[in-house]
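Work through these short exercises on cysteine pairs. Try each task before you read its solution.

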Amino acid sequence: NNADCNWIIAPTGAAAVHLTFTFLDIEWQYDLVSIYSCTTAACTSKTRLAALTGSTRTPASEPLLSQTSNTGYMLIHFESDTSIPRNGFAASWSLAVPPTPAPTPAPTPSSTGLTCNNCNSATCTTFTAATGSFTDGSTTTASYSNNADCNWIIAPTGAAAVHLTFTFLDIEWQYDLVSIYSCTTAACTSKTRLAALTGSTRTPASEPLLSQTSNTGYMLIHFESDTSIPRNGFAASWSLAVPPTPAPTPAPTPSSTGLTCNNCNSATCTTFTAATGSFTDGSTTTASYSNNADCNW
């Protein structure tokens with residue numbers, strides 16, 4: 001849990017490098033492997049090629065699990081959240097021959113200061129109303145643009161928590177991405193990723209992965225598309241939410257021996273002085289150990 005791992009592939013003298021995932025099994029939409037093309041071996045400047053989540057697709061030749069960096073430098077970034085770890089991934093790389101690159105448009109800041117590059121008719125802005133809705137700017141007759149880099153901040157005045165629901169989602173699976181972040185302030189300079197959505201709306205319509213809540217009252221939505229295969233985009237709405245009341249953490253309870261022995265069932269936290277012995281955590285075949293346990297021997 002809470003993994004944040006990075007690998008750089010920079011073969012000496014390489015013009016292009018090709019990466020193939022031979023295995024992938026990570027928590028869908030919450031854990032993420034991002035692949036970037038870098039301009040130098042240090043990878044301080046990079047462009048996302050793909051974002052992989054979930055399990056290896058079939059057939060084994062599925063092209064979404066292969067990527068090529070035409071600069072000769074590649075960064076792989078793996079992130080996991082706080083729960084439900086899986087079996088991870090395996091990948092291999094080799095040299096490749098780069099094609100003639102197409103020019104990449106420079107990011108265009110919107111009048112609100114948020115990056116709003118190739119966002120069609122969408123306005124990248126900060127929403128301060130208690131409720132509302134927005135789209136990526138595409139329509140029923142016009143898909144979103146390639147190389148989109150669009151941002152929206154939701155920061156309702158005085159909100160303790162804000163809830164976002166996607167009513168529609170249709171973006172290129174594993175290549176285009178909608179990332180949802182919880183922010184500490186309305187400027188969203190410090191943020192934590194809540195989810196990364198890709199592909200199409202899941203069924204049933206109540207699928208919880210398409211709803212997210214920021215318990216800070218601030219939320220950032222970031223949409224990125226690659227250089228091809230645009231789809232119909234997304235639509236989302238937000239409303240105020242009530243943040244959960246954090247469960248109280250019980251104070252440590254010292255045992256008669258002076259060792260902390262908090263929520264240890266029938267176990268006695270003690271110092272053993274015999275040459276041999278045995279002990280348990282206090283649970284039994286019919287009673288599990290307790291939550292918030294803090295036991296010492």
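**Exercise 1.** Decide whether Cys 119 and Cys 150 are buried or exposed, then say what their link ties together.

*Solution.* Step 1: in this predicted model, Cys 119 and Cys 150 are both buried. Step 2: their sulfur atoms lie 2.0 Å apart. The cut-off for a disulfide is 2.5 Å, so the pair qualifies. Step 3: the angle about the S-S bond is -115 degrees, and the link of Cys 119 and Cys 150 is left-handed. Step 4: Cys 119 sits in the loop between strands E8 and E9, and Cys 150 sits in strand E11, so the link ties parts that are 31 residues apart in sequence.

**Exercise 2.** Classify Cys 264 and Cys 295 by accessibility, and give the handedness of their link.

*Solution.* Step 1: a disulfide joins Cys 264 to Cys 295, with 2.0 Å from S to S. Step 2: the link has -110 degrees about the S-S bond and is left-handed. Step 3: Cys 264 lies in the loop between strands E18 and E19, and Cys 295 lies in strand E19, so parts 31 residues apart in sequence are tied together. Step 4: buried means under 20%. Cys 264 has 4% relative accessible area, so Cys 264 is buried. Cys 295 has 21%, so Cys 295 counts as partly exposed.

**Exercise 3.** Which hand does the link of Cys 38 and Cys 43 have?

*Solution.* Step 1: Cys 38 and Cys 43 form a disulfide, with sulfur atoms 2.0 Å apart. Step 2: the angle about the S-S bond is 95 degrees, and this link is right-handed. Step 3: Cys 38 and Cys 43 are both buried.

**Exercise 4.** How many disulfides are there, and what pattern do they follow?

*Solution.* Step 1: the count is six. Step 2: with bonded cysteines counted along the chain, the pattern reads 1-2, 3-5, 4-6, 7-8, 9-11, 10-12.

Key. Residues are numbered from 1 along each chain as its sequence is written. This is a predicted model: local features need pLDDT of at least 70, side-chain atom pairs count only at pLDDT 80 or more; totals for chains, interfaces and linings use all residues. Side-chain values use heavy atoms; hydrogens and water are left out. Buried means under 20% relative accessible area, exposed over 50%, partly exposed in between (1.4 Å probe, protein chains only). Helices (H or I, at least four residues) and strands (E, at least two) are DSSP runs, numbered from the N terminus.
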